Amino acid sequence: MHGLETLPKAESRHEARWWEAMPGGKVHCYLCPRHCHIGEGQAGFCFIRANHGGKLYSLGYAHPAALQVDPIEKKPLNHFLPGTRVFSLGTAGCNMGCFFCQNWDISKSRADQVRANYIPPEDVVQLAIRHGCPSIAFTYNEPTIWGEYVIDISQAAREQGINTVMVSNGYTAREARHDIYEHIDAANIDLKAFTDHFYARVTLSHLQPVLETLEWLKKETGVWIEMTNLIIPTLNDAPAETRALCEWVLEHLGPDVPLHFTAFHPDFKLRDLPGTPPETLHAARATALQMGLHYVYEGNIRGNGAHTYCPSCKTLLVLRSWHDVQQNYLQNGCCPTCGLAIPGRWTNVRGQAAGKRSLKKDATLAGRYEDLNL
Ligand code: SF4
């Protein structure tokens, strides 16, 4: 457990969910498979869930440390409202310890080590509306560790017809998973490798809970899911591992869950490894398609691996350049050549439903948050 240099002020503390009191003033957080037992004045492994006075508090609540308007393709989601913008936020902390983290400046920081703005849930939704975003993404660090904030934002978002997206490592325990995803429309889950050796050594976590989250999302929820596998030279790039990963996806999730193979860039504790050669991504994508997966993408590189093709007649359906959608040839979510229905969310049903009501616009927001530089 980590000691807190400074305890949060009373007015900015938000009592957490998913915890129980233990003898001696400790608390047990059961949000994620780490099951931290946290002493008075300490925080859990993730830094942002802290015991104060025998109660667990969420230090990330209403304190995002990163805010940005991104293309939805950057999450990456290629089958969810393509070509739209997504209001994206993240906090300090993380419940994994990935040596290759590209957001380590916030994910490896305590709440009091980052510059965070105070933004209550309703204001996040208003900011998304102000910036023309039909969706809000919880991203940059692991969002389930600030699940209380995610839920409150998502509830406010639904009232306004705004969609919500999780970009998650999938390392979440059952109860919190259930409570959070009830409010979520789409998710990209990282499947960082397909060996527990990699998970234990390079992410300081375990593979099995991630697989359980993926299977649960696909079979028990209506959340639209896509997956990302970051390929790191020498650590998880063996063709046999890619084949095993694809076999698992086919057997447990089916062929229609989009899979993004993305390129590693040296960062954080893995600066001594080279970036992923494009050929490695091409080979992984070819393997996955050959094995029967229908929608396989290459990310963090330029090329044809970003486009969507019909798995039946091979017609080009969505033409992309990096994160831009240049052409979308889908007709009502179907291939224009053979008529095959392409799985995904192609129309903003939630926004259309809200459009029939009168949106609650917050006039008092004008003038606030001007310094966010979004
Ligand atoms: S969410 Fe944080 S405090 Fe809770 S069990 Fe996981 S790492 Fe520990």
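The following exercises, each with a worked solution, lead through the overall build and several local features of a predicted model.

Residues are numbered from 1 along each chain, in the order in which its sequence is written. Because the model is predicted, local features need pLDDT of at least 70 and side-chain atom pairs count only at pLDDT 80 or more, while totals for chains, interfaces and linings use all residues.

**Exercise 1. The chain as a whole**

Task: Find how many helices and strands the protein chain has, and state its radius of gyration.

Solution: Start with the secondary structure, where helices (H or I, at least four residues) and strands (E, at least two) are DSSP runs numbered from the N terminus. On this basis there are 9 helices and 18 strands in the protein chain. Next, take the radius of gyration over C-alpha atoms and set it against the globule rule, which is 2.2 Å times the number of residues to the power 0.38. The radius of gyration is 21 Å, close to the 21 Å that the rule gives for 374 residues, so the chain is as compact as a globular protein of that length. Along its principal axes, the C-alpha trace spans about 65 × 55 × 35 Å. Then turn to burial: a residue is buried if 20 or more other C-beta atoms lie within 10 Å of its own, exposed if 12 or fewer, and partly exposed in between, with C-beta atoms placed from the backbone. Of the 374 residues, 46% count as buried.

**Exercise 2. Domains and their contact**

Task: Give the domain bounds, and describe the contact of domain 2 with domain 3.

Solution: The bounds come from an automatic or database domain assignment, which divides the protein chain into domain 1 (2-58), domain 2 (66-306) and domain 3 (311-344). The C-alpha centres of domain 2 and domain 3 lie 23 Å apart. Two residues are in contact if their C-beta atoms, placed from the backbone, lie within 7 Å, and the contact takes 12 residues from domain 2 and 10 residues from domain 3. For the classes, Ala, Val, Leu, Ile, Met, Phe, Trp, Tyr, Cys and Pro count as nonpolar, Asp, Glu, Lys and Arg as charged, and the others, Gly among them, as polar. The side of domain 2 that touches domain 3 has 5 nonpolar, 3 polar and 4 charged residues.

**Exercise 3. A sheet and a hairpin**

Task: Work out the strand order in the sheet that holds β3, and then describe how β6 is covered and paired.

Solution: Two strands pair if DSSP finds at least two bridges between them. In the open sheet, 3 strands follow the order β2-β3-β4 with antiparallel pairing. Since β2 (19-21) and β4 (37-38) stand at the edges, each with a single partner strand, one side of each is left without a neighbour in the sheet. The antiparallel pairing of β2 with β3 (residues 27-29) runs over 3 bridges, and W19 has C29 of β3 as its bridge partner.

Now take β6 (residues 49-52), which is covered on both faces: R49 and N51 on one side, and A50 and H52 on the other, are all buried. This strand runs antiparallel to β7 (residues 55-58), joined by 4 bridges, and R49 has S58 as its bridge partner in β7. The hairpin of β6 and β7 has 2 residues between the strands, and G53 takes a positive phi near 65° there.

**Exercise 4. Backbone exceptions and the ligand**

Task: Locate the cis peptide bond, examine H35 and N300, and list the residues around the ligand.

Solution: Most residues other than glycine have a negative phi, and most peptide bonds are trans. A cis peptide bond with omega of about -10° joins K75 and P76, and P76 lies in the loop between β8 (66-71) and β9 (85-90). H35, although not a glycine, has a positive phi of about 45°; H35 lies in the loop between β3 and β4 and counts as exposed, with 12 C-beta neighbours inside 10 Å. N300, also not a glycine, has a positive phi of about 70°, and with 19 C-beta neighbours inside 10 Å N300 counts as partly exposed.

For the ligand, a residue is near if its C-beta atom, placed from the backbone, lies within 6 Å of the molecule. The surrounding residues are C29, L31, C32, R34, H35, C36, G44, F45, C46, R49, N95 and I145, and by class this shell has 7 nonpolar, 3 polar and 2 charged residues.
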